[in-house]
Amino acid sequence: MPGKRPGNSKKKVAAANQADQMKNALIIIAVLFGSLGLLSLLPGGSAPTKPGQAPVEEAEDEGPSDVVVGTAGNFDSLVSNGVALVKFYAPWCGHCKKKFYAPWCGHCKKMAPDYAAAATELLGKATLVKVDATKEKELGERFKVEGFPTIKAFIDGDVQDYDGGRTAKDFVSWVSRMTGPAVRDVTDAAALTALRETERVAVVGFFASKDAAEAQAFQELAEENRMAAVYAAAYSAGAAKAEGVAAPGVVVYKQFDEGKAVMPEFDVDEILTFAKAASFPVLGEMGPDNYADYTGRGLPIAWLFLGEDAADGAAKAAAEKACKPAMGKLSCVHLSGKKYGQMAERVGLTGKKFPCFA
C-alpha cells in the first residue's frame, strides 16, 4: 500500500466551528422543547464491585456448562492459542455472570447464562473461561482487574480489553468478527441485500478493483479495527453505480432512519468517524444492552423520558426533528419514564411527569 493513504485530507472543521455547531444544535432543541436541562453522561448505575468489598449475597450454582474454569495452573495454556474470552468474577457479584467475576457478586449472575450459551455455541472456535478472582488473586493482579465483572479477550496469548456486548449473541458475533474475514466480499446485488437484512449496520466500500490502492487501504483499516464495524466491499464500477456512488466510495447501510448514509468523499482516515456517527439513530431507544454504547461515544446525551401513553408519539416526533441537526455531535435517546424514573431525577428532572426532556 502507498505510504500516504488515499483520500487523506485536512480536517475541514476547526474546533471553534464545532463548538459553535454544538451550541446551535442545543439552541434548536431548547426552542422546540421549551427548556434544556442537564446534558450529562449517565453514571454507570451500580459500579463494579471492588475486589476487597464485603460479600453482599451468595451466587447461585451455574450448573454444568462448556465454560472452562481458569486457575493459575491452567490459565496460560487456555489462552495461548486461538481466541479466548476470560470472565474475571467474584462469586458474590451479580454483574459477574457477565464477565470476569467474583462468585459472591450479584452483578456477575446476570451474564452467566449468556456466557454459558455462547461457550457451547463456540465450541471448537473459541474458549470461554471464568476465573474466580477471589481465589486466583495473582491472575487478577496480573491482568489489573480492579472490579467485578471484567472481561478480557486473548488472541494467541495477546490480551486486550473485550469491547463487545454482553449477550450470547454478542459473544458469538465478537468471536466471528475476530476470526473471519475482516472484509466480506459483496459479489452481486443479492449479496448486498442479504448483508443489509442480516446486519443492523454495515460499512461497505465500493472500488474499481480489489487491487486498487483505496481498496487495500480499506482492507487494512478493517484488519486493524475489526470490532469497530462490520465491513464489506464490492469491486466493480457497476456495483457502485447501482448504489448511486462513485468508486472509490463508502456507504454505511443501516436498518433504521433513512437506511443508508453516503460518505461525501473517500478518505480512509475519516471512515471510522463517519461510520460511528451514522451507526446511531437520530433518536434511539436506550436500554441495558446499548447503554455502554451511548455513554462510550463521548458525546453529551439528550434524554426523552416517555410516559407510555398517547402523548409519546408527538414527543418522539418533536425530539427527532430537534435532534437531527445535531447528529454526530449529540446523542439523543428515549426511554420509559415509568421504568426509569430515577434516571430522570438524576439528569435534573422531577421524574414524576412524562413525557419530559433534558
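Two strands count as paired here if DSSP finds at least two bridges between them. Keep that in mind as we walk through this model, which is a predicted one. In strand E13, Val-333 is the bridge partner of Gly-284. That link belongs to the pairing of strand E11 (residues 284-285) with E13, which is parallel and has 2 bridges. E13 also pairs with strand E12 (residues 301-306): these two run parallel and are joined by 6 bridges. Look for Leu-304 there, whose bridge partner in E13 is His-334.

Let's stay with E13 (residues 331-336) for a moment. Buried means under 20% relative accessible area, and 6 of the 6 residues of E13 are buried, so the strand is largely enclosed by the rest of the structure. In a regular strand the side chains alternate between the two faces of the sheet. Both faces of E13 are covered: Ser-331, Val-333 and Leu-335 are buried on one side, and Cys-332, His-334 and Ser-336 are buried on the other.

For a contrast, head over to Lys-353, in the loop between helix H12 (341-346) and strand E14 (356-357). Is this residue buried or exposed? Its relative accessible area is 67%, so Lys-353 is exposed. Its C-alpha atom is separated by 9.3 Å from that of Lys-338, with the two lysines 15 residues apart along the chain.

Now for the sheets. One of them is open, with 5 strands in the order E1-E3-E2-E4-E5 and mixed pairing. Strand E1 (68-69) and strand E5 (158-161) are at its edges with a single partner strand each, so each has one side without a neighbour in the sheet. The partner pair at the E5 end is E4 (residues 150-155) with E5, antiparallel over 4 bridges. Within that pair, Ala-153 sits opposite Gln-160 in E5.

Helix H5 (residues 168-179) lies across four strands here, namely E2 (83-89), E3 (126-132), E4 and E5, and runs at about 145° to E2. H5 also meets helix H3 (residues 112-121): their axes come within 8 Å and cross at roughly 40°. At that angle the two helices are oblique to each other, and H3 passes H5 in a right-handed crossing. On the H3 side the contact is made by Asp-114, Tyr-115, Ala-117, Ala-118 and Glu-121, while H5 brings Ala-168, Phe-171 and Val-172. Sorted by class, the contact has 6 nonpolar and 2 charged residues, with no polar ones.

There is another open sheet of 5 strands, ordered E6-E8-E7-E9-E10, and its pairing is mixed. At the edges you'll find strand E6 (183-185) and strand E10 (260-262); each has a single partner strand, so one side of each lacks a neighbour in the sheet. On average, neighbouring strands in this sheet are turned by 25° against each other, ignoring direction. E6 runs parallel to strand E8 (residues 231-234), and 3 bridges join them; Arg-184 stands opposite Ala-232 in E8.

Which helices lie across strands of this sheet? One is H6 (residues 189-198), which lies across E6, E7 (201-206), E8 and E9 (249-254) and runs at about 155° to E7. Another is H9 (residues 271-278), lying across E7, E8, E9 and E10 at about 20° to E9.

Methods. Residues numbered from 1 in each chain as written. Predicted model: local features only at pLDDT ≥ 70, side-chain atom pairs only at ≥ 80, totals over all residues. Heavy atoms only, no water. Contact = heavy atoms within 4.5 Å. Axes fitted to C-alpha atoms, helices over the stretch in contact; angles between N-to-C directions. Parallel < 35°, antiparallel > 145°, perpendicular 65-115°, else oblique. Left-handed = near helix turned anticlockwise from the far one by under 90°. Nonpolar A, V, L, I, M, F, W, Y, C, P; charged D, E, K, R; others polar. Buried < 20%, exposed > 50% of the residue type's maximum accessible area, 1.4 Å probe, protein only.
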